[in-house]
Amino acid sequence: MGLVRYSRWASRLKTLNSQTKPFLSSSSSSSSAATTADNENPGRPGPPPIRVALTESFGRGVFATRKIETGELIHTAKPVLSHPSLSTIHKVCYFCLRKLKTTDSSQAERVSFCSDECQRQAKGFHDMEMREDWSAYDDYCRSRGLKYPLLVKRLACMVMSKASSANLLDILQPARLSPEMIVEMEEGFGLLRSAFENSNIMGEQMSFLTKQWYIGVLARIRISAFRIELVGAFYDDLLSSLAASIESEAAVGNAVYMLPSFYNHDCDPNAHIIWIENADARLKALRDVDEGEELRICYIDASMDHDARQSFLSQGFGFQCNCLRCLSGD
């Protein structure tokens with residue numbers, strides 16, 4: 001319990017790709033697929049020991065297909081969408097969010113990449129982003145302390161560059177939005193659309209960019225995006241990785257993943273998500289997990305008291321937590 005209470009937990013962030021499709025199958029078919037993969041590729045590891053299935057009351061969830069031991073790496077995940085925070089945008093790689101070893105003060109207005117490979121992979125949105133003047137949009141985000149509209153901007157650029165489809169995040173659950181939130185989002189939509197129009201992007205290329213699309217994407221990002229905090233080193237030991245999470249610096253950005261977004265919340269979780277050097281996520285078991293047991297992570301700082309956790313989850317995620325820890329009043 002002490003490990004959990006003093007860990008800093010991340011917030012939650014194309015249709016599932018071939019790597020994640022096995023997770024949606026039944027337990028028996030997942031086991032069969034794993035056996036086949038091991039027989040055909042004896043030198044390669046099989047698929048992760050998990051599957052996605054419906055829960056009794058929380059929609060989809062992630063379940064263990066075999067016993068998972070404490071500290072075991074369950075799986076890794078690459079983001080389908082990410083963006084550095086405005087405060088670190090010139091200090092981290094514009095694609096993978098890895099901290100840059102050096103920053104050139106003479107290039108303060110330009111973004112940088114940690115490698116040629118990251119620059120190549122970023123081409124799907126970077127060229128489009130560099131065509132626009134984002135000053136008004138960034139000021140809107142900065143003045144209101146907003147981070148998720150930056151992810152919507154990036155996705156819009158990916159769609160316009162034909163690097164992604166407009167329905168990339170449709171599979172994710174949207175958050176409940178208050179009238180006040182919708183008004184704020186409508187303002188952001190106007191600024192985003194104006195930025196594209198001012199650079200003469202019109203017609204079919206921007207046909208997907210409607211107010212409904214913008215609000216729908218933002219509603220999904222709001223409940224599924226993860227706050228990326230890098231621990232800055234490689235930790236195989238569970239205690240060391242948790243301690244590093246606590247001591248890590250402020251977030252370098254935010255990202256959305258497919259499979260990690262299906263993990264449900266628990267204030268006393270059995271799984272933990274961590275970022276080592278970039279936005280590639282690692283999911284580890286905090287304790288032994290039995291076959292068939294649901295894997296859960298904590299969406300918030302688990303060291304908060306009962307009332308603070310309930311308030312944060314209600315306002316930020318739109319639900320009241322009824323996990324065993326909350327029901328006990330702890």
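Hi everyone, this is a short tour of one protein chain, its small sheet, one arginine and a few cysteines.

Before we start, this is a predicted model, so local features need pLDDT of at least 70 and side-chain atom pairs count only at pLDDT 80 or more, while totals for chains, interfaces and linings use all residues. Residues are numbered from 1 along each chain as its sequence is written, and side-chain values use heavy atoms, with hydrogens and water left out.

Let's take the overall picture. The protein chain has 11 helices and 10 strands; these are DSSP runs, numbered from the N terminus, with H or I over at least four residues for helices and E over at least two for strands. Of its 330 residues, 48% count as buried, where buried means under 20% relative accessible area, exposed over 50%, and partly exposed in between, with a 1.4 Å probe and protein chains only. The accessible surface is about 16200 Å², and 49% of that belongs to carbon and sulfur atoms; the areas come from the Shrake-Rupley method with a 1.4 Å probe, and for residues only the protein chains shown count as cover.

Now the sheet. It is open, with 3 strands in the order 4-6-5 and antiparallel pairing; two strands pair if DSSP finds at least two bridges between them. Strand 4 (81-84) and strand 5 (226-228) are the edges, each pairing on one side only. From one strand to the next, the twist averages 25 degrees. Strand 5 is joined to strand 6 (residues 253-256) by 3 bridges, and Ile228 has Gly253 as its bridge partner in strand 6.

What packs on this sheet? Helix 6 (residues 148-160) does, touching strand 4 and strand 6, and its direction makes about 125 degrees with that of strand 4. Axes here are lines fitted to C-alpha atoms, for helices over the stretch in contact, and angles run from 0 to 180 degrees between N-to-C directions.

Helix 6 brings us to Arg154, which sits in it. Is Arg154 buried or exposed? Arg154 counts as buried because its relative accessibility is 1%. Its side chain reaches the backbone oxygen of Ser82 at 2.9 Å. Leaving aside neighbours within four places in sequence, the contacts of Arg154 include Leu81, His83, Tyr94 and Glu129, contact meaning heavy atoms within 4.5 Å.

Last, the cysteines. The structure holds 0 disulfides, a disulfide being a pair of cysteine sulfur atoms within 2.5 Å. For Cys118, the nearest cysteine sulfur is that of Cys114, 3.7 Å away. Cys118 is buried at 8% relative accessible area, and Cys157 is buried at 0%. Thanks, everyone!

Key:
A polar contact is a pair of N or O atoms within 3.5 Å; within protein, one must be able to donate a hydrogen and the other to accept it, and residues adjacent in sequence count only if both atoms are side-chain atoms.
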